[in-house]
Amino acid sequence: MADPMRIRAQAAGDKATVRVLMSHEMETGQRKDAAGKIVPAWHIQEVTASHNGKQVLSAEWGPAVSKNPFMQFVVKGAKAGDKIAVTWKDNRGDTRTDEATVS
Amino acid sequence: MQTRRETLKHSLAVAGLLAAAGFPQFAHAAYNKTAFDAKSVQDAVKAAGGASLAESKDVTLTAPDIAENGAVVPMGVSTALPGVKQLLILVEKNPSALVAIFHGSDSLDNNFLTRAKMGQSSDVYAVAILADGKALWAKKEVKVTLGGCGG
């Protein structure tokens, strides 16, 4: 199981800015190891986010997203105390969900 | 005759199929492998469902002029246009151009920020695909002083 994500959600007016920092290797499949063998691709493919249980975002990522990816998005109508949950799934089928409260 | 092992295998396969099919809320959430395998910007946008490409001032791309480290280049895409289905970020000279697809929804601002790897200095594209298949793009050249791929 991967390390937890760091999620920060801050309300400003009737919107909330959500910043997510995930912990993932994001191997591209282009790199070679010391023995000259290609390191197989291992990266997050799907990211979804929900606001109080209702899905608001889905994203697809390729291997070109940086290691330990960062993502920021803005949820309309979110206020302090609301729950934001983020889930990712990588190409090995690993998945992780973390939740944060809007402040 | 079927052994117990085979029966188990079959039921696993069926469960897998059900899991794959049982995702109706966001039907388009299936991973768009064709788009991510596409080498060029045009091919990737086409694979994502964008038909006619046109430059537009309504799409904003946020990226630095010079990236000191190609492994972590902050990139943002935003637009105020209504009816945007997908927002794409692409790096032209990467082995595969497409970096990320964001599917907007009514409860989100069309404003996303992430970090991407860049192998070398290249044009970066932000593409907004509208519901009618129109693809509006904005681009910016980003100079990389240290590559992010291959290391």
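Visitor: In what order do the elements of chain A run from the N terminus on?

Guide: They run β-β-β-β-β-β-β. This is a predicted model, and in it chain A has seven strands and zero helices. Along its principal axes, the C-alpha trace of chain A spans about 55 × 20 × 20 Å.

Visitor: How much of chain A counts as buried?

Guide: Of its 103 residues, 35% count as buried. The cut-off for that word is 20 or more other C-beta atoms within 10 Å.

Visitor: Why is N52(A) called partly exposed?

Guide: N52(A) has 14 C-beta neighbours inside 10 Å. Buried needs 20 or more and exposed needs 12 or fewer, so with 14 neighbours N52(A) falls in between and counts as partly exposed. N52(A) sits in the loop between β3 (44-51) and β4 of chain A. Its phi is positive, about 50°, although N52(A) is not a glycine.

Visitor: Where is N68(A) found, and why does N68(A) get its exposure class?

Guide: N68(A) lies in the loop between β4 and β5 (70-76) of chain A. It has 16 other C-beta atoms within 10 Å. That is under the 20 needed for buried and over the 12 allowed for exposed, so N68(A) is partly exposed. N68(A) is not a glycine, yet it has a positive phi of about 50°.

Visitor: What makes β4 of chain A and β6(B) a pair of strands?

Guide: Four bridges join β4 (residues 54-61) of chain A to β6(B). Pairing needs at least two bridges, so these strands pair. They run antiparallel. One of the bridge partners in β6(B) is H103(B), which is matched with S58(A).

Visitor: How many residues are in contact between chain A and chain B?

Guide: 32 residues of chain B are in contact with 28 residues of chain A. On the chain B side, the elements that give two or more residues are β6 (98-103) and β7 (108-116). The largest share, eight residues, comes from β7(B). By class, that side has 18 nonpolar, 11 polar and three charged residues.

Visitor: Which residues does D109(B) touch, and why is D109(B) called partly exposed?

Guide: D109(B) is in strand β7 of chain B. Leaving out residues up to four places away in sequence, D109(B) touches K15(A), V74(A) and K76(A). D109(B) has 15 C-beta neighbours inside 10 Å; buried starts at 20 and exposed ends at 12, so the class is partly exposed.

Visitor: Which residues have the most contacts inside the largest nonpolar core?

Guide: They are L88(B), L90(B) and V127(B), in a core of 64 residues. L88(B), not counting residues up to four places away in sequence, touches V45(B), A48(B), L98(B), I101(B), V127(B) and I129(B). In soluble globular proteins, nonpolar side chains tend to be buried together.

Visitor: What is the confidence in chain B, and which residues have a pLDDT below 50?

Guide: The mean pLDDT of chain B is 75, and 76% of its residues reach 70 or more. Residues 20-28 of chain B are below 50, and this stretch has five contacts in the model beyond near neighbours in sequence. pLDDT runs from 0 to 100 and states the predictor's confidence in each residue. The model scores ipTM 0.83 and pTM 0.75.

Key: Residues numbered from 1 in each chain as written. Chains lettered and ligands numbered in written order. Predicted model: local features only at pLDDT ≥ 70, side-chain atom pairs only at ≥ 80, totals over all residues. Contact = placed C-beta atoms within 7 Å. Nonpolar A, V, L, I, M, F, W, Y, C, P; charged D, E, K, R; others polar. Core = buried A, V, L, I, M, F, W, Y, C linked by C-beta atoms within 7 Å.
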